[in-house]
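Morning, everyone. I have a few minutes on one model, so let's go straight to it.

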Amino acid sequence: MIRRLPRKLLFLLYISIVTLTLLEACVRLWGYSERHICDPIYMPFNNSQDIPYVHKPNLSNARARGLAIINTDSMGLRSKTAGEQYGPHQDNEFRIALVGDSVTFGEGVRRNEETFAQVLEDTLNRRQDALRVKVFNFGASAYSVRVMTATLRQRMLEVEPDLVLMAIIPADFNLARTPSVDSLGYLTDYKLSGFMPKNSRVRLLLRKVHLLYLIRDIVYPFLDQTRGAEDILSAGELPESYSYLKEFKETAEQLSAEQRKFSYSIVLLPALSRFGKLSSQLQADGISFVDLSNLRGEFTQDQFRASKFDPHPSAMVHRRIGESLAAYILENNFMTARK
């Protein structure tokens, strides 16, 4: 015979359920977790262990992180047109292959037209008419400098670029920041339900619980006491992962000599944390770069952030990045050299 639970226990269970339900409703109304909710837009990249995931190709009006509504082309790159395909490089074209993390991808920017990648393309096409410019956005959430360098080796040459760019923020030097992808197309890491199997159906249900994202963001900083790359750079030091910037340069120069000739550059993006002495080291090592981090000073914190809950750069900041990057490319004659 099954014994009935004591009334006190039943009452506590009832109160717990009601309390959690009310908290979930409050977090949803507050909107805190909306930027974390997305469709299963990712897939494994099987050609290299150094690139754990890419975006699924041919997505149409899919929901990405940061409230972005995205299309992807036939290569899985964020694009104005879903399923867009590209032919061989034409003589009147100037192709830019751009890799970075969620900032480059455009999390927090709802429309593709407002990402700095698209602003860069539009600005260059507006300011000159000798060449038709196309920017290919290989950026993806939580890519580290290691993944970006691998993307140059494994993916970017497919579009026959004239210029390859690695756009970074200080957090990109944290190699452990890059998660994996499950069988459905969601990113998985140890921050949320990490104790469960990667492809667990329970994990899928938990992704829809907005309260958990709030709890994670409150608790995780207390659990993770490791010294991040942001702290190292702010202290005027260089993280070990700086070596991947050297590798990016060496890889670009080697591939340019062996295959189609192209130029390269590192782009230091504006961010809430600082690069410290990174630009001085890049200059000392002869690595081509442009420092746009000072653009951060042009905006208040509210203007810089995509929303009050999202620290990614806003569409306003993306526009300044795209226009400044276009000016850098024109002033340094990258396009003239390719004619």
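I'll take the core, then the strands and a helix, then a small sheet, then the cavities. One caution before that: this is a predicted model.

Start with the nonpolar core. The largest one holds 50 residues. Which of them touch the most other members? Phe 138, Tyr 143, Met 166, Ile 168, Phe 173, Leu 245 and Leu 278. Several elements feed this core with at least two residues each. On the strand side, those are strand 2 (53–55), strand 6 (93–99), strand 8 (163–168) and strand 11 (263–268). On the helix side, we have helix 4 (145–154), helix 7 (229–234), helix 8 (243–258) and helix 9 (278–284). There is another core as well, lying apart from this one. That one has 32 residues, including Ile 96, Val 133, Val 135 and Tyr 328.

Now look at Leu 245. Leaving aside residues up to four places away in sequence, what does Leu 245 touch? The list runs Val 145, Met 166, Ile 168, Phe 173, Ile 266, Leu 278, Leu 282 and Ile 287. Met 166, Ile 168, Phe 173 and Leu 278 are also on the list of residues that touch the most other core members.

Next, strand 8. Six of its six residues are buried, so strand 8 is largely enclosed by the rest of the structure. Both of its faces are covered. One side carries Leu 163, Leu 165 and Ala 167. The other side carries Val 164, Met 166 and Ile 168.

What pairs with strand 8? Strand 6 does, running parallel, through four bridges. Strand 11 does too, again parallel, through six bridges. Leu 165 is a handy residue to find on screen. Opposite Leu 165 of strand 8 stands Leu 98. Ser 265 in strand 11 also stands opposite Leu 165.

On to helix 4. Is it mostly covered or mostly open? Mostly covered, with seven of its ten residues buried. Those are Val 145, Val 147, Met 148, Thr 149, Ala 150, Thr 151 and Leu 152. What do they pack against? Strand 6, strand 8 and helix 8. Val 145 is one we have met already, as a contact of Leu 245.

Now the small sheet. Three strands make an open sheet in the order 3-4-5, and the pairing is antiparallel. Strand 3 (62–63) and strand 5 (78–79) are the edges. Each has a single partner strand, so one side of each is left without a neighbour in the sheet. Strand 4, residues 69–72, is joined to strand 5 by two bridges. For one pairing to check, take Asn 71: its bridge partner in strand 5 is Ser 79.

Last, the cavities. How many are there of 30 Å³ or more? Two. The largest contains about 50 Å³ of space. Its lining includes Val 54, His 55, Phe 105, Asn 137, Tyr 143 and Arg 155. Phe 138 is in that lining too. By class, the lining is six nonpolar, four polar and two charged residues.

The second largest cavity has about 30 Å³ of space. Around it sit Arg 35, His 36, Arg 65, Gly 66, Glu 107, Asp 310 and His 312. How does that lining divide by class? No nonpolar residues, three polar and four charged.

That's my tour. Over to you for questions.

Methods. Residues are numbered from 1 along each chain as its sequence is written. This is a predicted model: local features need pLDDT of at least 70, side-chain atom pairs count only at pLDDT 80 or more; totals for chains, interfaces and linings use all residues. Side-chain values use heavy atoms; hydrogens and water are left out. On a 1 Å grid over the protein atoms alone, a cavity is a set of points where a 1.4 Å probe fits but cannot get out, and a pocket is an open set with protein on both sides within 12 Å along at least five of seven lines; lining residues have an atom within 4 Å of a point. Grid points are joined across faces, edges and corners, and a volume is the space filled by probe spheres set on the points. Ala, Val, Leu, Ile, Met, Phe, Trp, Tyr, Cys and Pro count as nonpolar, Asp, Glu, Lys and Arg as charged, and the others, Gly among them, as polar. A nonpolar core is a set of buried Ala, Val, Leu, Ile, Met, Phe, Trp, Tyr and Cys residues joined through side-chain atoms within 4.5 Å. Buried means under 20% relative accessible area, exposed over 50%, partly exposed in between (1.4 Å probe, protein chains only). Contact means heavy atoms within 4.5 Å. Two strands pair if DSSP finds at least two bridges between them.
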